[in-house]
Amino acid sequence: MGVGAFFTGKLDEAIGWARKYSIFQYPFVTACCGMEYMATACSHYDVDRFGAGLPRFSPRQADVLFVVGTISHKMAPVLKRIYDQMCEPKWVVAFGVCTCTGGFYDNYATVQGIDTIIPVDVYIPGCPPRPESVIDGLMKLQDKIAVGTQRY
Amino acid sequence: MDGHAILARLRERCGDRILATHDYRGDHTAVLSREGIVSALTFCRDDAALAFDLLVDLTAVDYSRFPGREDGPRFEVVYHLYSVAHNHRVRLKVPVEQDDAVVPTASGLWPIANWQEREVWDMFGIRFDGHPDLRRLLLYEEFEGHPLRKDYPINRRQPLIGPKV
């Protein structure tokens with residue numbers, strides 16, 4: 001390994017470490033999963049331990065898009081626009097089974113999984129998922145953020 | 001007024017337009033012809049003894065797969081009326097054929113009928129003649145079909161709509 005590659009690798013690691021502990025989430029809450037999201041975010045489970053304590057309610061200031069709740073066909077263009085407004089680097093978490101696959105809403109109004117609209121990094125199934133699984137998903141997202149090449 | 005008296009009052013004034021009446025567990029219903037529905041609704045609203053000032057609900061039923069009613073008119077448009085002054089209720093129904101699914105609008109009588117008729121158009125594809133703005137209410141313009149019709153496939157996928165340019 002050359003000296004340059006060594007330093008770039010170390011820099012990538014340092015930036016990945018910084019990024020995984022400074023997750024600014026945008027909670028796109030549309031349905032009942034929002035309750036479980038709030039339970040996870042509040043002091044009892046406390047996502048601030050993972051550096052994700054400050055949700056930003058503007059997509060331009062957020063790194064991670066939390067899609068929390070059922071997405072209808074009418075909401076789909078809005079979700080796509082929110083995703084497009086976020087700055088790179090950005091990640092998407094599908095929170096709850098409705099966002100993963102459409103859930104039991106196999107009907108005329110519901111999008112069958114948000115990955116038909118935007119790319120998804122972590123899927124957290126459950127109806128709604130317990131806070132433990134949300135934190136598990138968040139830690140998996142942290143691992144994903146930390147490894148790999150960092151673009152800056 | 002109790003339900004029997006309401007139906008008697010209706011029969012007295014709109015008897016030629018009433019196709020049938022019945023009551024089930026205290027809910028009284030009159031089935032009217034399409035031609036007579038608006039005049040009957042107007043009478044229900046304006047008559048001092050009836051004074052139905054509230055259109056509680058305007059909806060429709062698709063009877064195409066209803067046991068025993070497959071051969072009759074496919075749809076029925078249902079009006080639920082309530083009188084705040086007298087605290088009484090009645091239900092009016094209009095049978096509608098599939099080939100000629102048009103009903104005269106009630107939006108001139110109760111403003112709320114405007115949106116309720118738009119929802120019935122959206123979900124069942126029944127048109128309302130004379131409606132000022134008959135667009136889809138809950139679904140979007142690109143939606144194909146009317147989802148509450150019984151022949152709408154339950155797992156049919158609609159094309160995803162994109163952001164408006």
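**Exercise 1. Which strands of chain A does α3(A) lie across, and at about what angle does α3(A) run to β2(A)?**

Solution. This is a predicted model, in which local features need pLDDT of at least 70, side-chain atom pairs count only at pLDDT 80 or more, and totals for chains, interfaces and linings use all residues. Residues are numbered from 1 along each chain as its sequence is written, while chains are lettered from A and ligands numbered from 1 in the order in which they are written.

Step 1: begin with the sheet of chain A, an open sheet of four strands in the order β1-β2-β3-β4 with parallel pairing, where strands are DSSP runs of E of at least two residues and helices are runs of H or I of at least four residues, numbered from the N terminus, and where two strands pair if DSSP finds at least two bridges between them. Step 2: identify the edges, which are β1 and β4 of chain A, each pairing on one side only. Step 3: place the helix; α3(A) lies across β1, β2 and β3 of chain A and runs at about 165° to β2(A), with angles taken from 0 to 180 degrees between N-to-C directions and axes being lines fitted to C-alpha atoms, for helices over the stretch in contact.

**Exercise 2. Describe how α2(A) meets α5(A).**

Solution. Step 1: the axes of α2 (residues 33-41) and α5 (residues 131-146) of chain A come within 9 Å and cross at roughly 70°. Step 2: that crossing makes α2(A) roughly perpendicular to α5(A), a class that covers 65 to 115 degrees, whereas angles under 35 count as roughly parallel, over 145 as roughly antiparallel and the rest as oblique. Step 3: Glu36(A), Ala39(A) and Thr40(A) of α2(A) meet Pro131(A), Val134(A) and Ile135(A) of α5(A), a contact being two C-beta atoms, placed from the backbone, within 7 Å. Step 4: these residues divide into four nonpolar, one polar and one charged, where Ala, Val, Leu, Ile, Met, Phe, Trp, Tyr, Cys and Pro count as nonpolar, Asp, Glu, Lys and Arg as charged, and the others, Gly among them, as polar.

**Exercise 3. Trace the contacts of Val93(A) and of the pair Phe95(A) and Ile124(A).**

Solution. Step 1: the largest nonpolar core has 35 residues, and Val93(A) and Phe95(A) are among those with the most contacts inside it; such a core is a set of buried Ala, Val, Leu, Ile, Met, Phe, Trp, Tyr and Cys residues joined through C-beta atoms within 7 Å. Step 2: leaving aside neighbours within four places in sequence, the contacts of Val93(A) include Val64(A), Phe66(A), Ile124(A) and Leu141(A). Step 3: β3(A) and β4(A) pair in the parallel sense over three bridges, and Phe95(A) stands opposite Ile124(A) in β4(A).

**Exercise 4. Is Thr21(B) buried, partly exposed or exposed?**

Solution. Step 1: locate Thr21(B) in strand β1 (residues 18-24) of chain B. Step 2: Thr21(B) is partly exposed because 18 other C-beta atoms lie within 10 Å, given that 20 or more would make a residue buried and 12 or fewer exposed. Step 3: not counting residues up to four places away in sequence, Thr21(B) touches Leu7(B), Thr29(B) and Ala30(B). Step 4: the surrounding open sheet has five strands in the order β1-β2-β5-β4-β3 of chain B, with mixed pairing, and its edge strands are β1 and β3 (54-62) of chain B.
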